[in-house]
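Work through the exercises below with the sequence and the model side by side. Try each task before reading its solution.

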Amino acid sequence: MSLRMPESTNECIYFTRRAFDNGRVIAWVYRKECPQCGKAKMGKPLDPKTKKPKIRADTYECPDCGFSKPKQEYEESLTVEIIYTCPYCGFSGEATTEYKRKSWEGVKAYVFVCQACGKKIGITKKMKEKKGEG
Ligand SMILES: [Zn+2]
Ligand SMILES: [Zn+2]
């Protein structure tokens, strides 16, 4: 497996960097092409006045043909791609997981398994991160 890091966060609907005591994680989710026309990438619908994406919209829309999908359904079809250094065993590798938060150590997180030691690593919602990240 060889993941390609996004060149710009515009390619992604999710991007985060995390540092643990003994490890780190960079994770992202690429926007996917419209399943209807295949010509453009789905994104949040644009506000007709400002032409900016409506971040809080609960649908994703194709800017080309207008095909739309409910947010949850669309997001659950996506994959989180991860480059990590395992905080438990120090292994550096790559992983993927569903773009769907699961329960992990009592909180909701995107969870993946270290391929070296088999421990679960969670990417929780950011709480005390520096500004401008995630
Ligand atoms: Zn389309
Ligand atoms: Zn490990």
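**Exercise 1: The four-stranded sheet**

Ile-83 has Glu-94 as its bridge partner in β6. The model is predicted: local features need pLDDT of at least 70, side-chain atom pairs count only at pLDDT 80 or more, and totals for chains, interfaces and linings use all residues. Residues are numbered from 1 along each chain as its sequence is written, and chains are lettered from A and ligands numbered from 1 in the order in which they are written.

Task: Start from this pair and work out the order of the open sheet with four strands.

Solution.
- Step 1. Place the pair. Strand β5 covers residues 79-85 and is joined to β6 by seven bridges. The two strands run antiparallel. Strands are DSSP runs of E with at least two residues, helices are runs of H or I with at least four residues, and both are numbered from the N terminus. Two strands pair if DSSP finds at least two bridges between them.
- Step 2. Extend the sheet. The order is β1-β2-β5-β6, with antiparallel pairing.
- Step 3. Find the edges. β1 (12-19) and β6 (92-98) each pair on one side only.
- Step 4. Add the twist. From one strand to the next it averages 15°. Axes here are lines fitted to C-alpha atoms, for helices over the stretch in contact, and angles run from 0 to 180 degrees between N-to-C directions.

A general note: strands of a sheet pair through backbone hydrogen bonds, either parallel or antiparallel.

**Exercise 2: The three-stranded sheet**

Task: Describe the open sheet formed by three strands, edge to edge.

Solution.
- Step 1. Read the order. It is β7-β8-β9, and the pairing is antiparallel.
- Step 2. Name the edges. These are β7 (102-104) and β9 (120-124), each pairing on one side only.
- Step 3. Give the twist. The average is 65° from one strand to the next.
- Step 4. Check β7 against β8. Three bridges link β7 to β8 (residues 107-113). Ser-103 has Lys-108 as its bridge partner in β8.
- Step 5. Check β8 against β9. Five bridges hold this antiparallel pair. Val-111 is opposite Gly-122 in β9.
- Step 6. Look at the hairpin of β8 and β9. Six residues lie between the strands, and Gly-118 has a positive phi near 80°.

Task: Which side chains of β9 are buried, and which are not?

Solution.
- Step 1. Set the cut-offs. A residue is buried if 20 or more other C-beta atoms lie within 10 Å of its own, exposed if 12 or fewer, and partly exposed in between, with C-beta atoms placed from the backbone.
- Step 2. Sort the strand. Ile-121 and Ile-123 point to one face and are buried. Lys-120, Gly-122 and Thr-124 point to the other face and are not buried.

**Exercise 3: Positive phi and exposure**

Task: Where are Lys-51 and Glu-105, and are they buried or exposed?

Solution.
- Step 1. Take Lys-51. Its phi is near 65°, a positive value in a residue other than glycine. Lys-51 lies in the loop between β2 (24-30) and β3 (59-61). Lys-51 is exposed because it has 7 C-beta neighbours inside 10 Å.
- Step 2. Take Glu-105. Its phi is positive, about 50°, although it is not a glycine. Glu-105 sits in the loop between β7 and β8. Glu-105 has 9 C-beta neighbours inside 10 Å, so it counts as exposed.

Task: Why does Glu-73 count as exposed?

Solution.
- Step 1. Locate Glu-73. It belongs to helix α1 (residues 71-76).
- Step 2. Count. Glu-73 is exposed because 10 other C-beta atoms lie within 10 Å.
- Step 3. Relate Glu-73 to Thr-59. They are 14 residues apart along the chain, and their C-alpha atoms are separated by 9.0 Å.

**Exercise 4: Domains and the whole chain**

Task: How is the chain divided into domains, and which kinds of residue does domain 1 bring to the contact?

Solution.
- Step 1. Draw the bounds. Domain 1 is 1-32 + 78-134, and domain 2 is 34-76. Such bounds come from an automatic or database domain assignment.
- Step 2. Separate the centres. The C-alpha centres of the two domains are 24 Å apart.
- Step 3. Count the contacts. Six residues of domain 1 are in contact with five of domain 2. Contact needs C-beta atoms, placed from the backbone, within 7 Å.
- Step 4. Classify the domain 1 side. Two residues are nonpolar, none polar and four charged. Ala, Val, Leu, Ile, Met, Phe, Trp, Tyr, Cys and Pro count as nonpolar, Asp, Glu, Lys and Arg as charged, and the others, Gly among them, as polar.

Task: How many helices and strands does the chain have?

Solution.
- Step 1. Count. The chain has one helix and nine strands.
- Step 2. Order them. From the N terminus they run β-β-β-β-α-β-β-β-β-β.

Terms used
Two residues are in contact if their C-beta atoms, placed from the backbone, lie within 7 Å.
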